[in-house]
Amino acid sequence: MFIQTPFRESRIPLTTLPVSSRQEQRPISMDDKQIQIVIADDHAVLRESLATLLETQHDMKVIGKATNGHEALLLVQEHHPDVLLLDLFMPESNGFEVLRVLDREGSRVASVVLTGSDSQMDYLQAVRLGARGLVLKADDPSKLFSAIRSVATGELWFPPDIAQGVLNAMAGENRSEKAGNISRLSERERQIAQLVSNGMRNRDIASELHISENTVKRHLQSIFDKTGARDRLELAVMAIGEISKAA
């Protein structure tokens, strides 16, 4: 998961656990349009600097800037951006509350948390509430660009150490309830589920297994049907839980 994962810089399209009512993000085609972005951060210098930085990318366009959580929600509701770049700690509804409201409303915006926090609990809570990516404020700008592009196409993006910790924690919470569903899969489906838990994208899985990307998609649909997983995140958690159970 940058979850670009094996937990190398990896990517996974994921959601929240416990599984929320939130709808799956609708992937956009990078060839069709610019990624529409709203920035929410209460520090004016950082907010304006981020906007300037993102505008250097030909495929990104900042369409709104919020100084607090309340403004962020209004901008998302008004402009329907592809990506919300969100600080966790702001006045008038912090980032956690913004994520909670977006989740409750079934918003399709993909949220990337940009934070200076070093708390694993903050990271875990953000993912549970629907964050699709997380970038540390000390990270190189290239990681921010990668995170935005990844979540805009339906993937997750977290630093590998954070991704591993979050998924392991979620797998532990979920193990007794759903891990056994993996046992219903065929050998090939198990292979694909494992590669998903390693943060691999469909095209990477296809290359690894020497099959077409369409075949991977068909297997994934069967996997979702058999396991009841609603998305790749929940599938990854199930797969990790099954591995832990077997260990």
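Guide: A residue is called buried when its relative accessible area is under 20%, exposed when it is over 50%, and partly exposed in between, with a 1.4 Å probe and protein chains only. The structure here is a predicted model, in which local features need pLDDT of at least 70 and side-chain atom pairs count only at pLDDT 80 or more, while totals for chains, interfaces and linings use all residues. Residues are numbered from 1 along each chain as its sequence is written, and side-chain values use heavy atoms, with hydrogens and water left out.

Visitor: Why is M121 called exposed?

Guide: M121 has a relative accessible area of 56%, and because the cut-off for exposed is over 50%, the label applies. M121 is found in helix 4, where helices (H or I, at least four residues) and strands (E, at least two) are DSSP runs numbered from the N terminus. The buried residues of helix 4, which spans residues 120–128, are D122, Y123, L124, A126 and V127.

Visitor: What makes the link between S119 and M121 at the start of helix 4 a polar contact?

Guide: A polar contact is a pair of N or O atoms within 3.5 Å; within protein, one must be able to donate a hydrogen and the other to accept it, and residues adjacent in sequence count only if both atoms are side-chain atoms. A side-chain oxygen of S119 reaches to within 3.2 Å of the backbone nitrogen of M121, so the pair meets the distance limit.

Visitor: Why is H80 called exposed, and why does S93 count as partly exposed?

Guide: The relative accessibility of H80 is 61%, and therefore H80 counts as exposed. S93, at 31%, counts as partly exposed because this value falls between the two cut-offs. H80 lies in the loop between helix 2 (69–79) and strand 4 (83–86), and S93 in the loop between strand 4 and helix 3 (95–105). Neither is a glycine, yet phi is positive in each, about 50° for H80 and near 85° for S93.

Visitor: How do you know that D82 is buried, and which partners does its side chain reach?

Guide: D82 has a relative accessibility of 12%, so it counts as buried, although its position is in a loop, the one between helix 2 and strand 4. The side chain of D82 makes a polar contact with the side chain of K33 at 3.2 Å, and the side chain of D82 also reaches the backbone nitrogen of Q36 at 2.8 Å.

Visitor: What makes strand 2 and strand 4 a pair?

Guide: Two strands pair if DSSP finds at least two bridges between them. Strand 2 and strand 4 are joined by 4 bridges and run parallel, so they qualify, and V38 has L84 as its bridge partner in strand 4. Strand 2 (residues 35–40) is also joined to strand 3 (residues 60–66) by 6 bridges, again in parallel, with Q36 standing opposite K61. Strand 4 pairs in the parallel sense with strand 5 (residues 110–115) over 4 bridges, and L86 has V113 as its partner there.

Visitor: Why is the crossover from strand 4 through helix 3 to strand 5 called right-handed?

Guide: The term applies if, with the strands pointing away from the viewer, the path from the first strand over the helix to the second runs clockwise. The β-α-β crossover from strand 4 through helix 3 to strand 5 is right-handed, and strand 2, helix 1 (residues 44–54) and strand 3 also make a right-handed β-α-β unit.

Visitor: How do you know that both faces of strand 4 are covered?

Guide: V83 and L85 on one side and L84 and L86 on the other are all buried. In a regular strand the side chains alternate between the two faces of the sheet.

Visitor: What makes a set of residues a nonpolar core, and which residues touch the most other members in the largest one?

Guide: A nonpolar core is a set of buried Ala, Val, Leu, Ile, Met, Phe, Trp, Tyr and Cys residues joined through side-chain atoms within 4.5 Å. The largest has 32 residues, of which A40, L84, L86, L99, L102 and V113 touch the most other members. Several elements supply at least two residues each, including strand 2, strand 4, helix 6 (160–178) and helix 10 (232–246). Helix 3 gives the most to this core, with 5 residues.
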